[in-house]
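Let us take a friendly walk through a protein structure, one feature at a time. Keep the 3D view open while you read.

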Amino acid sequence: MSTARTPLDEAREQLSDAIKALGYDAGMFDMLATPRRETTVSIPLRRDDGTIELLVGHRVQHNLTRGPAKGGLRFSPDVDLDEVRALAMWMTWKCALVDVPYGGAKGGVNIDPPQLLPRRLERVTRRYTSEIMPIIGPERDIPAPDIGTDEQTMAWMMDTFSTAQGHTVLGVVTGKPVSLGGSLGRASATSRGVAIVADAALERLGIEPDQATAVVQGFGKVGRGAARFLAESGVKVIAVSDQYGAIHSPDGLDVPAVEAHVDECGTVVGFAGADALDNDVMIQLECTLLIPAAVEGVIHEGNADGVRATIIVEGANGPTTAAADRILEHKGVTIVPDILANAGGVIVSYFEWVQANQAYWWSESEVEERLEQRMRAAWRDVIKYSQARTMSLRSAATCLAVERVAEAHVVRGLYP
Ligand code: NAD
């Protein structure tokens, strides 16, 4: 990030703008800007040589008013409490926007998974789960994968929690392997949702998919599937990147071949059918769709003016700073905000939780159909709201979500 502002500054500024637009008072801002509960835990680990290493983990429950807390668990060396607070707040808005009965949460542990052996990763996951055990559970807070975590991480969390309870609790996490109560369609849900709203945004601007080009930053769980689904719909994916670098082919990348290269080498770098490119240069390539699907703050005041995309679809959480938002709005770029664009993951997590709690499983086509219905309904809600109030899609999505959460606060009242 090229700015000293943190993701929490960005999240609070968005909330503050929404509170002003909706005419709520400072008390409501304080209530919604402050997490309901924050837990920071130590994770002591014995190294193979017998010495002890102490890691730090967090779980922040931003809001619990509309239901249990829900949000991902991030394993990254960059995790800090303010980042987790921001991500938890965005989860609250996302859940309200797509109308799933959850508040927002997020967790994080300060480690670099690629540097750890699976055995150590399992120990970190189990000890972290055991430390946050009192505040998670199917009715309290339901973690899911995020950066650096996956379905194996969720299986270890579920097993640790279940062992302590003395019985199997499938609903404690989502994003589990299908063999362990995971939902069909969950692994690809966030990417599929990104592709669905990208398609809706193209349609709104009268652009046919086969006339569109896409640039995708991040080739992990979200970016990789988004690139694949866009290519399948006819969009020409001209560049993709990961933390190691970017690759570019003006004629369009062969996405399945890039996926095979990543499976073999662990990075997009070195793919034979494309030119190498700098990540910062890639963000400024001329394209129809720019899909940031990596980390926060990558489109900022310093590079927003150079962005030459028609539409930005935010696969990542918080990829665009508030200052960049203003520049892009002035340039006429359509931004499909994160809380709408990447909500496919939490929608199918909700389906997984419902299935786990009922012990009744849906077919993949049922999951995909219901996901598409919910994504398109949320898209229509945001478009309608933005047109009625002449607002950007981000302001409309945030206001709509904040309004729903605030309304729930008001009708519940304050205890005592
Ligand atoms: P992931 O760990 O699977 O993948 C992250 C990708 O980003 C990797 O390819 C990594 O190399 C790349 N990357 C990291 N830093 C980068 C940088 N500076 N420049 C370019 N690439 C970089 O994580 P993910 O689950 O795909 O999550 C990506 C984003 O999507 C995060 O913001 C996450 O919060 C958000 N998100 C994820 C889900 C989900 O279901 N996994 C749901 C909603 C939102």
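The text below looks at helix pairs, then at enclosed and open spaces, and finally at two unusual spots in the backbone. Please keep in mind that this is a predicted model.

**Helices that pack together**

Three pairs of helices are set side by side in this table.

| Helix pair | Angle between axes | Distance between axes |
|---|---|---|
| H12 and H13 | about 130 degrees | 10 Å |
| H6 and H12 | roughly 130 degrees | within 7 Å |
| H3 and H14 | about 85 degrees | 8 Å |

Start with helix H12, which covers residues 344-358, and its partner H13; their axes lie 10 Å apart at an angle of about 130 degrees. Because of that angle, H12 counts as oblique to H13. The crossing of H12 past H13 is right-handed. Which residues of H12 meet H13? On the H12 side they are Gly 344, Ile 347, Val 348, Tyr 350, Phe 351 and Gln 355, and on the H13 side their partners are Val 367, Arg 370, Leu 371, Arg 374 and Met 375. Sorted by class, this contact holds seven nonpolar, two polar and two charged residues.

Helix H12 also has a contact with H6, the helix of residues 189-204; here the axes come within 7 Å and cross at roughly 130 degrees. That angle is why H6 is described as oblique to H12. The H6 and H12 crossing is right-handed. From H6, the residues Ala 189, Thr 190 and Gly 193 touch Gly 344, Gly 345 and Val 348 of H12. What classes do these residues fall into? Two are nonpolar, four are polar and none is charged. Try finding Gly 344 and Val 348 in your view: both belong to the contact of H12 with H13, and both also belong to the contact of H6 with H12.

The third pair is H3 and H14, whose axes are 8 Å apart and meet at an angle of about 85 degrees. So H3 is roughly perpendicular to H14. Thr 92, Trp 93, Ala 96 and Leu 97 are the H3 residues in this contact, facing Ala 397, Leu 400, Ala 401, Val 402, Arg 404 and Val 405 of H14. The class count is eight nonpolar, one polar and one charged.

**A cavity and a pocket**

How many cavities of 30 Å³ or more are found in the whole structure? The search finds one. The largest cavity has a volume of about 40 Å³. Its lining is made by Gln 14, Trp 90, Trp 93, Pro 337, Asp 338, Ile 339, Arg 394 and Thr 398. Helices H3, H11 (338-341) and H14 each give at least two residues to this lining. By class, four lining residues are nonpolar, two are polar and two are charged.

Next comes the second largest pocket, with about 510 Å³ of space. It is lined by 23 residues, and those closest to its centre are Asp 325, Glu 329, Ser 392, Arg 394 and Ser 395. Two or more lining residues come from each of helix H1 (7-22), helix H10 (322-331), strand E12 (334-336), helix H13 (364-389) and helix H14 (393-412). The pocket lining divides into eight nonpolar, eight polar and seven charged residues. Arg 394 is worth clicking on: this residue lines the largest cavity and is also among the residues closest to the centre of the second largest pocket.

**Two unusual backbone spots**

Most residues other than glycine have a negative phi, and most peptide bonds are trans. Where is Asp 99? Asp 99 sits in the loop between H3 and strand E4 (103-109). Asp 99 is not a glycine, yet its phi is positive, about 55 degrees.

The other spot is the bond between Tyr 415 and Pro 416, a cis peptide bond with omega about 0 degrees. Pro 416 belongs to the segment after H14.

Terms used:
Residues numbered from 1 in each chain as written. Predicted model: local features only at pLDDT ≥ 70, side-chain atom pairs only at ≥ 80, totals over all residues. Heavy atoms only, no water. 1 Å grid on protein atoms, 1.4 Å probe; cavity = no way out; pocket = protein on both sides within 12 Å on 5 of 7 lines; lining within 4 Å. Points joined across faces, edges and corners; volume = space filled by probe spheres on them. Helix = DSSP H or I, 4+ residues; strand = E, 2+ residues; numbered from the N terminus. Nonpolar A, V, L, I, M, F, W, Y, C, P; charged D, E, K, R; others polar. Axes fitted to C-alpha atoms, helices over the stretch in contact; angles between N-to-C directions. Parallel < 35°, antiparallel > 145°, perpendicular 65-115°, else oblique. Left-handed = near helix turned anticlockwise from the far one by under 90°. Contact = heavy atoms within 4.5 Å.
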